[in-house]
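Colleague: I would like to learn how to read a protein–RNA surface and a sheet from a model. Where should we begin?

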Amino acid sequence: MGDWKRSHYCGDISAADIGREVCLMGWVQRRRDHGGLIFIDLRDREGISQLALDPDRDPAAHSKAEQVRNEFVLAARGVVSARPEGTVNAKMKTGEVEVEVRELRILNSAQTPPFMIDEFTEVAENIRLKHRYLDLRRAPLQRNLILRHLASKTVRRHLDDQGFIEIETPVLTKSTPEGARDYLVPSRVTPGTFFALPQSPQLFKQLLMVSGFDRYYQIVKCFRDEDLRADRQPEFTQIDCELSFVDRDQIIGIMESMIAEVFKATLNLEISLPMPRLSCAEAMTRFGVDNPDLRFDLELVELSNQVEKSGFKVFADVVAKGGIVKGLNAKGCSGLSRKEIDDLTEFVKIYGAKGLAYVKVQEDGSWQSPIAKFFTAEEIAAIDRALQAAPGDLLLFVADSFRIANESLGRLRGHLGNKLGLIGEGVYRFAWITDFPLLEWDQESRRHVAVHHPFTAPVEEDLALLDSDPGKVRAQAYDLVLNGSEIGGGSIRIHDQQTQKKMFSLLGIDAEEAEEKFGFLLSALEYGAPPHGGIAFGLDRLVMILTGSDSIRDVIAFPKTQKATCLLSGAPDQVDSKQLRELSIRTARPPQ
RNA sequence: GGGGCUGUAGUAGAGUCGGUUACAACGCCGGCCUGUCACGCCGGAGGUCGCGGGUUCGAGUCCCGUCAGCCCCGCCA
C-alpha cells in the first residue's frame, strides 16, 4: 500500500464528493475493457464504485488496469466526478459518480475463483463451504453477518441498560446427565477423565445468582453433539440471561422489549408489545404443536365427540381406546388432486399417523369422500359445524393417540400454510408459550424426564401434586415462539435444596448420583440462593428469521455440514499418535 | 439408525427409447473495440459424466453397492 491511506469505502462515495480526491481499496468485481477506456467495478463490504481509466488522461494507470483480473486487490487514487449525461446507472447506489483514476496500485493478484463473486450465480453448497472465505465475499452473506452483528450489539446495549452484567463462564466443564449428548475433551493432567463442552451455561449462571450478581448475561457458544438440521448446528450461540428477585412476567417484559429493539435496529420494524401469550395446552389444542406459526389460521379442531359413536370404525375405535380424532379445514382446497392428497397423507405418516382421512365439500354442501358412507347426516352436520365447512373446502382428519394426532396434523397445518401461500412476506408473529408441564413420561426409559430441564421450578400451587401426580405439575417455564420457530426458552429456577433434591429423585436420579453430578449446585443452594430465573435465546435462529434465511448456515461464518464436518478446514481429523499418548487415549476403531 | 432428493467442463444446466466425436450458456485464455456497468463482437482451450462393480455388441443413460452435499424422522433437558 506504500503510504496510501484509504479515504472512503467504495459504497460510500456519492454526488456530494464530486471534485474530491479519494483513495479506494477493494476487490475487482468486474473489468470492462473498451480497448480505449477501461471501467473497473471496485468492491468492498460497503458496496461498489466504478473506476474509470482513460488512456489519454493517465496512460500509466490505464496500462496497469489492462493486467487486472476479477478479484485482484487494488488501490486507486483519483477524483470523484459526475458521470457524463446519459451514463448514470440508476441501479447502483454510487451510480451517479465514478472515480477518474490518476494512480492505480495492484495490491495483490488473484486466481480465478471457483465461482463468481456475484449474486447471480447459484453454487452448490459443498463448493461454497469449501471456499467459504470466497462465499463470504458475496453480498448476501455479508449482509447476514453484518445484520447479526447489529442484533448482538442491540442485545448488549439493551441488557446493559437494564443493569445486566456480562460474565464469561467455563467452556471446559463437567458432563452432567440429562439433556443432549456432550462433546468431550480429554484431560491430559488427569488421565482418563474428561471435560464436557457446555450445552448451555445453565448451572454457572445460577451460581452467579447465588453470588449476588443479580442480573447476568452472555452471548455464548453452546455445544450439543446431536444430529444437524436446517436450523441446528453442533455449536451455536445463545443470548443467555439470568436474573434474581424477579417473577416470570418481569422476565418476559424485559426480554420482549429486547426482541422488539432488535427488530427496530435491524429491520426498522415496530413490534407491538406486550406479545401475545398462549398456554401450552391451548397451543396444542388449537395448533397441535407447542411452537405454532401464528401467521395464518387453519386451526385444528378436536372431533372425538362427534365421531365416537359413528360407524367409521377407524375413528370410533381410536376414541374408544383413549385416542383422539382431530380435523382441520383447508379452506377452498377441494380442488386438490388425488396425487396431492396422497402427498399430504405421506406427509402425516412421517410423524407416525397411520393415515389421513379427507372430505371434499361439494357445491351443494354434500361430502365427496371415501369415508362419507360411514356417517349419518347428523354426524356429518356436526362435523361440518365444528369445522365451519363450506362448499369448496377440504376437510382433513387424523385419528391417533393424543401426541401423534396433534403432531401430525399440526405439522400438516404448517406444511399447508406454506404450500397454500398463506404466509405473507415480512410478517412476524410472536407468542409466549407458558404453563408447560414440568415432567413428561418417557416410555423408553420408563421414567419421568424434565420437559424443560431439571432446575425448572414447579408452579407453586401445583407443588402438592409433586408426590401424588407428578405428570400434572405445571412448570414456571416459558418459550418465545416466532413464526413457528422456538427462538428462546427459560424458566424460574428451583432455589431451595429440598425441592431440587425432590426433582432429581422424580427424574430417577438417586441421592448418590445427584451428589456426584450436581453436588456443587446442591451445596450452593444451601448458602442463601436468591429466587431467580432466566432465559436463553438462540441467536442463530433469531438472525435466520431476521435475514429470511432458509438455513442456519447462512447466518454463521464458518458452519458445519450435516455430517458435522468443516469442508473448509477438514475438521474433524485424525491427530498425531503422540497427542493421543499424552492424553492416555486409544481409539477403538480406525477412521474409515 | 432410518426415509427422501441431488451428483455431467471452473460454475450452473441440457442430454429423448441404451447407439457416431457428450451439447449450448456463464466464467477462463487470445484478439478487436473510447461511455460501459451481469458491456459488445470474433476466435480458442477446457470432460475420470462422484467412485466401484454388474447387465449389454455397446452405459452419462439400466441394475447393485459406495461416497459426498442437502431435506426430513429418530435424537436435540
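**The RNA surface and the sheet**

Modeller: Begin with the share of contacts by part of the nucleotide: of the atoms of RNA strand B within 4 Å of the protein, 52% belong to sugar or phosphate and the rest to bases. Keep in mind that this is a predicted model.

Colleague: Which residues come nearest to RNA strand B?

Modeller: There are 56 residues around the strand, and R30, T87, E98, A124 and H452 come nearest. By class, the residues of this surface divide into 20 nonpolar, 18 polar and 18 charged. Strand 1 (21-33), strand 2 (38-44) and helix 2 (125-130) each supply at least two of the residues.

Colleague: What part of RNA strand B does the side chain of S200 lie 3.1 Å from?

Modeller: A base nitrogen, approached by a polar side-chain atom of S200. For R553, an N or O atom of the side chain is 3.0 Å from a sugar or linking oxygen. For T565, the counterpart is a phosphate oxygen, at 3.5 Å.

Colleague: Now the sheet. In what order do the 8 strands of the open sheet run?

Modeller: In general, strands of a sheet pair through backbone hydrogen bonds, either parallel or antiparallel. Here the order is 6-9-10-22-21-20-17-11, with mixed pairing. Strand 6 (165-166) and strand 11 (277-279) each have a single partner strand, so one side of each is left without a neighbour in the sheet.

Colleague: How many bridges join strand 6 to strand 9?

Modeller: 2, and the two strands run parallel. I165 has Y216 in strand 9 as its bridge partner. Helix 5 (residues 202-210) packs on the sheet, touching strand 9, strand 10 (235-244) and strand 22 (532-538). The direction of helix 5 makes about 25° with that of strand 10.

Technical notes
Residues are numbered from 1 along each chain as its sequence is written. Chains are lettered from A and ligands numbered from 1 in the order in which they are written. This is a predicted model: local features need pLDDT of at least 70, side-chain atom pairs count only at pLDDT 80 or more; totals for chains, interfaces and linings use all residues. Side-chain values use heavy atoms; hydrogens and water are left out. A residue is near a molecule or strand if one of its heavy atoms lies within 4 Å of it. A polar contact is a pair of N or O atoms within 3.5 Å; within protein, one must be able to donate a hydrogen and the other to accept it, and residues adjacent in sequence count only if both atoms are side-chain atoms. Helices (H or I, at least four residues) and strands (E, at least two) are DSSP runs, numbered from the N terminus. Ala, Val, Leu, Ile, Met, Phe, Trp, Tyr, Cys and Pro count as nonpolar, Asp, Glu, Lys and Arg as charged, and the others, Gly among them, as polar. Two strands pair if DSSP finds at least two bridges between them. Contact means heavy atoms within 4.5 Å. Axes are lines fitted to C-alpha atoms, for helices over the stretch in contact, and angles run from 0 to 180 degrees between N-to-C directions.
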